[in-house]
Amino acid sequence: MNPIAATILKSFTESFISQPTLYFSPGRINLIGEHVDYNDGFVMPAAINKGVYYAIGENESNEIHFYSMDFDEWLSVGTGEVKKMSGWRNYALSVVNEFLLLGCKIKGFNCVFAGDIPRGSGMSSSAAVEGGLAFALNEMLNVGLNRVQLALLCQRAEHNFPNVNCGIMDQFANMMGKKDKVLLLDCRSMEHQYFPLHMEGYKIVLLNSKVHHTLASGEYNIRRQRCEEGLGIIKSKLNIQSFRDITRVEDLQVYKTNMPGKVYNCCLYVIEEIARAKKASELLQQENLIEFGKLMYATHEGLSKLYEVSCEELDFLVELASQNSNVIGSRLMGGGFGGCTINIIANDGIEHFIEETSKAYQQRFDIIPEAYIVETADGTNEVSITP
Ligand code: GLA
């Protein structure tokens, strides 16, 4: 059994009398399509084998007891006392709150959880926390929501108490991911396809910058507002529904003088990234990783210069990657302002790249980055307790 799963089960049985059910809720990577999920774009995420384990069991009372092993913190609330709090409590309670908003009667339960997604790494630990709890409550309370409905519930939960106006990508990958597959999700229609991740001779490697600048949620919401402002201006003149209806960058240029510079740049990035993600999905199907990798670099450039969600550390890591002929694509992944870069690297060059990059990064920033070779995984699921 996974050591984290074993530890939380032990902690659960030491703290409570009831029998738990065990769940695993994964984090995610995203190959391409960044900051476009809330702009009706296309994204290419996959669930990964890093995530959050949950042990949950009913307790025949009106009390909810959470123990976050990672923080070594407890939270006990009455089922009628669910309200906004801070930190991890907000993510957990917001999920419970969404079930209350659906009119479900919440029974008391005990819950111990822990994970191995480094915080602020851009692998979406928040969606993993939400997804595991939502999946468990859906079963425990017999609510009968399907996986897509659960993803949407978790997205609403993240909007609500934590106040992060996220798109659907993370929660969708968390619920709908499949091992050895990458998703192509149309965030407007929610239509999705699975592609096999054919990476003959290459691997996906994440490099964690181990920095997390600024109050990311605040900046994230600001990016979203800029896009909404820009789209509003375009829509007042043009009969379109969303950015992807603008297929030529020249069509946006007409509006340059009507928009604040930062708003224009965000719109430009989004239009380009939606087109890139579409193109990238074709390239992946043709197993053309080299061209795919070039698009990843272009995405990073856009995220850094136009969307302004990168930082010195991430730019440094991508710059080093671009100088290494074994790395065919690299970019920041997730919301930005720190966290990981995602890299496609030739198998033979991985060790050397990690070594050289770590050395240079440490010299420059006095931080030792961490590297993870990605393995895809299935979406949130119950895990058997019996060995
Ligand atoms: C965060 C959000 C997602 C998405 C990414 C950027 O992970 O939760 O919805 O917007 O940032 O692509």
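**Exercise 1. Locate Gln155 in the fold, state whether it is buried or exposed, and list its contacts outside its own stretch of sequence.**

Step 1. Gln155 lies in helix α4, which covers residues 147-160; helices (H or I, at least four residues) and strands (E, at least two) are DSSP runs, numbered from the N terminus. The model is a predicted one, in which local features need pLDDT of at least 70 and side-chain atom pairs count only at pLDDT 80 or more, whereas totals for chains, interfaces and linings use all residues. Residues are numbered from 1 along each chain as its sequence is written, and side-chain values use heavy atoms, with hydrogens and water left out.

Step 2. With a relative accessible area of 14%, Gln155 is buried, a term that stands for under 20% relative accessible area, while exposed stands for over 50% and partly exposed for what lies in between (1.4 Å probe, protein chains only).

Step 3. When neighbours within four places in sequence are left aside, Gln155 is in contact with Cys166, Gly167, Ile168 and Gln171, contact being defined as heavy atoms within 4.5 Å.

**Exercise 2. Work out which face of helix α11 is turned inward, and what that face packs against.**

Step 1. Helix α11 runs over residues 350-365, and its 16 residues reach 22 Å from the first C-alpha to the last, close to the 22 Å expected at 1.5 Å a residue; the expected span is 1.5 Å times one less than the number of residues.

Step 2. The buried residues of α11 are Ile350, Phe353, Thr357, Ser358, Tyr361 and Phe365. Seen down the axis of α11, these buried residues fall within an arc of 120°, so they line one face of the helix, where the arc is that of the directions from the helix axis to the C-beta atoms. An α-helix has 3.6 residues a turn, so residues three or four places apart point the same way.

Step 3. The face of α11 turned away from the buried side carries the exposed residues Glu351 and Gln363, whereas the buried residues pack against β9 (202-212), α10 (312-322), β10 (327-332), β11 (338-346) and β12 (370-373). Just after α11, Asp366 takes a positive phi of about 60°.

**Exercise 3. Give the strand order of the sheet that contains β9, and name the helices α9 and α10 by the strands they touch.**

Step 1. The sheet is open and is formed by 4 strands in the order β10-β11-β9-β12, with antiparallel pairing; two strands pair if DSSP finds at least two bridges between them. Because β10 and β12 stand at the edges, each with a single partner strand, one side of each is left without a neighbour in the sheet.

Step 2. Neighbouring strands of this sheet are turned by 20° against each other on average, direction ignored. Axes are lines fitted to C-alpha atoms, for helices over the stretch in contact, and angles run from 0 to 180 degrees between N-to-C directions.

Step 3. Between β9 and β11 the antiparallel pairing extends over 8 bridges, and His212 has Gly338 in β11 as its bridge partner. Helix α9 (residues 289-306) packs on the sheet, touching β9, β10 and β11, and its direction makes about 30° with that of β10. Helix α10 also packs on the sheet, touching β9, β10 and β11, with a direction that makes about 5° with that of β11.

**Exercise 4. Find the strands that pair with β3, and state how many residues of β3 are buried.**

Step 1. Strand β1 (residues 21-30) pairs with β3 in the antiparallel sense over 9 bridges, and here Arg28 stands opposite Ala47 in β3.

Step 2. Strand β6 (residues 109-115) is joined to β3 by 7 bridges and runs antiparallel to it; the bridge partner of Glu58 in β6 is Phe109.

Step 3. Of the 14 residues of β3 (residues 45-58), 12 are buried, so the strand is largely enclosed by the rest of the structure.

**Exercise 5. Determine how many disulfides the structure holds, and describe the surroundings of Cys111 and Cys266.**

Step 1. A disulfide, here a pair of cysteine sulfur atoms within 2.5 Å, does not occur in this model, as the structure holds 0 disulfides.

Step 2. For Cys111, which is in no disulfide, the nearest cysteine sulfur is that of Cys154, 13 Å away, and at 0% relative accessibility Cys111 counts as buried.

Step 3. Cys266 is likewise in no disulfide, and the nearest cysteine sulfur, that of Cys227, is 5.1 Å away; Cys266 is buried, with a relative accessible area of 0%.
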